[in-house]
Amino acid sequence: MVKNKENSEDLDFWATNSEEGGWNISSTDEGSQKMNDEESEQQIKIQTGSDVVDDYFIEEETSEDERMIVNMGPQHPSTHGVLRLQVELEGEAVRRVKPIIGYLHTGMEKTGEELTYLQGPTNTTRMDYLSPFFNELVFSLTTEKLLDIEVPARAETIRILMTELNRVSSHLVALATGGMDIGALSMMIFGFRERELVLNFFEKTTGLRMNHNYIRPGGVAADLPDNWQKDVKEILKIIPEKLKDYDEMLLDNPIWQGRLQNVGIITPEECLAYGITGPSLRASGQGWDLRKMQPYSGIEKFDFDVPVLQESDVFARWRIKVLEILESLKIVEQAMDNMPKGPYKIQDKKVTPPPRKRLDESMEALIHHFKIYTEGFKVPEGDAYVAVESPRGELGCYIVSDGSSKPFRMHVRGPSFCNLQALPIVMADSPIADAVAAIASLDPVIGDVDR
Amino acid sequence: MNEVQHIEVNEYHDHIKSLLEEGYEMMMDLTAVDWFRKKEPRFEVVINLLSLSKNLRKTIKVQVPDENLTIPSITDIYPGANFYEREVFDMFGIVFENHPELTRILMPDDWIGHPLRKDYGSGRIPVQFKNAPSVD
């Protein structure tokens, strides 16, 4: 049944203010969001063509009144942001789950239609706040595809260097918060401590720790700082050492293994059906990585492996992030050693504003600078979809241009948005403690979900 | 690598089904474009499919008829289309037939209007400065 909310008498009672005035928060009713009709895990597995069952499976039937609906979130530390999960519990067992999102919706796709292409990365960088460089990269690549231009080699390599460092920092947060949700609090401190190294380098290069607006259509905003190799070398030296520490602490730890192995299984069939990409897909035995299969920004020149694990459980999804950090560091090292010389912005006067020095000398340069920053450059009509491999999966950007200097429609395909759909099948019929581990392993970033 | 196909609404569901059988295992993206006063019909739904085995992408574009803004849902083919169709319903008001639960996803349930339509204003609030001299 389709509810059209435009006729207001149709509104659900709980969605509006109650007659006494104010929200009725004391009720434990399902609220305005109703749960779906019951669908057992077995049925979903038949639908998606898989028959693997989690080891912990609560089968016994109890009476209806022992079931209760609990809202996890929106403010709950283990939901990684303002994610609300409506969970139907039967004792300790989770029977049904419904993710309810939108608490962080800020209308960025609408805003994107009002900003010029040069202002666009400022907007998209705020979507997935743990991997902002990828958002800027995908927007810039799509704009460049529409403009049909190629950025200089140095800009490409700087982009690879920054995005791969960003993958390291993002995965470190995923490991840290994942550990925190399960109770390994030292992992949280460790993860954030090592991330700080990377963020310091970002701050030195771009001026900000998050929301950099560094990668822009036509290149990058600024060149790398002096002695940047020293900082990168330090990162390359320290992070592998610390990863060894994590392995010593967790890899052979029987508590960690017992807690995570065979928990929250997503089979490859479910991954394909629900469009789950990234580390979760690679932990389910599919060696799909856009960096290898559909390379972007010259990443095909780098030598690295794509780690693939077969176990499909939370442990594999944790492990694969550690392995991916090591592979990313390989790319960073090669990018550092083979950094080409030359301009870091495209030398196309239509796209790149003149350098600051020229403004004092030339009236034309001043006019040109003014035009690019106020009106923006025009982009030919057409549409383009470009995807990159973000730390959470395929991050795509679809831009429709009508020939003006602002996108007619800007859509970002966030990986977290799609991966969140797997929560009901991962969490159903498992203990609530495992459910928390499963959310952490999917690593949703709510800024990316709600946009 | 990326092939674009334009499909009629009545062939849409069956065509997507045949593409799944052809080996496009994943639906990567489903969105819509509002061609307000630029094109007829007004709404266009854009679907992006990916084949892992063949390493191919395919973009399907479907024009949604203006009269009833209804298009079949493909959640029975790709379960992952669920959130995307809810988002398009929320943002553009396009109704997906046979969708398991077509409710708003990003906006509040009692929201009126569909924000990504071109005739929907961006909602700026005028700033009132304190002690500012009045103009008139």
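# Notebook: chain A and its contact with chain B

I began with how chain A is held together, and found that residues 24 or more positions apart account for 70% of its contacts with a separation of 6 or more. A reminder to myself: this is a predicted model. I then looked up the burial of chain A, and 59% of its 451 residues count as buried. For secondary structure, I noted 18 helices and 9 strands in chain A.

**Entry: the open sheet**

In what order do the 4 strands of the open sheet in chain A stand? I read the order as β1-β2-β3-β9, with antiparallel pairing. The edges are taken by β1 (67-72) and β9 (430-431) of chain A; each has a single partner strand, so one side of each is left without a neighbour in the sheet. I followed β1(A) to its partner, strand β2 (residues 84-90) of chain A, and found 6 bridges between these antiparallel strands. To fix the register I picked Val70(A), whose bridge partner in β2(A) is Val87(A).

**Entry: β6, β7 and β8 of chain A**

Next I turned to strand β6 (residues 382-390) of chain A, which pairs with β7(A) in the antiparallel sense over 9 bridges. How many residues lie between β6(A) and β7(A) in their hairpin? I found 2 residues between them. For the register here I noted Gly382(A), which stands opposite Ser401(A) in β7(A).

β7(A) also runs antiparallel to strand β8 (residues 409-413) of chain A, and 5 bridges join the two. One pair I wrote down is Val400(A) with Arg409(A), the latter being its bridge partner in β8(A). Is β7(A) mostly covered or mostly open? Strand β7 (residues 393-401) of chain A is mostly covered, with 9 of its 9 residues buried. I kept in mind that side chains in a regular strand alternate between the two faces of the sheet.

**Entry: Met210(A)**

I wanted to place one loop residue, so I went to Met210(A), in the loop between α6 (185-206) and β4 (215-216) of chain A. Why does Met210(A) count as partly exposed? Its relative accessibility is 35%, and the partly exposed class lies between the 20% and 50% cut-offs. I also checked Met210(A) against Pro121(A): the two are 89 residues apart in sequence, and their C-alpha atoms are 13 Å apart in space.

**Entry: where chain B meets chain A**

Then I moved to the interface, where 55 residues of chain B and 51 residues of chain A take part in the contact. The area buried between the two chains is about 4,500 Å², and carbon and sulfur atoms give 57% of that area. Which three residues supply more than any other three of the area that chain B buries against chain A? They are Phe83(B), Leu106(B) and Asp109(B), with 14%.

I looked at the polar side of the interface next. There are 20 residue pairs in polar contact between chain B and chain A, both residues at pLDDT 80 or more. On the side of chain B that touches chain A, the elements giving two or more residues are β2 (26-34), β3 (43-51), β4 (56-64) and α2 (81-92) of chain B. By class, I noted 29 nonpolar, 11 polar and 15 charged residues on that side of chain B.

Last, I looked up the salt bridges, and there are 6 across the interface of chain B and chain A. One salt bridge I wrote down joins Glu101(B) to Lys98(A), with the closest N and O atoms 3.3 Å apart.

Methods: Residues numbered from 1 in each chain as written. Chains lettered and ligands numbered in written order. Heavy atoms only, no water. Contact = heavy atoms within 4.5 Å. Buried area = accessible area lost by both parts, 1.4 Å probe. Salt bridge = Lys/Arg side-chain N within 4 Å of Asp/Glu carboxyl O. Polar contact = N/O pair within 3.5 Å; in protein donor to acceptor, adjacent residues only side chain to side chain. Nonpolar A, V, L, I, M, F, W, Y, C, P; charged D, E, K, R; others polar. Buried < 20%, exposed > 50% of the residue type's maximum accessible area, 1.4 Å probe, protein only. Pairing = 2+ DSSP bridges.
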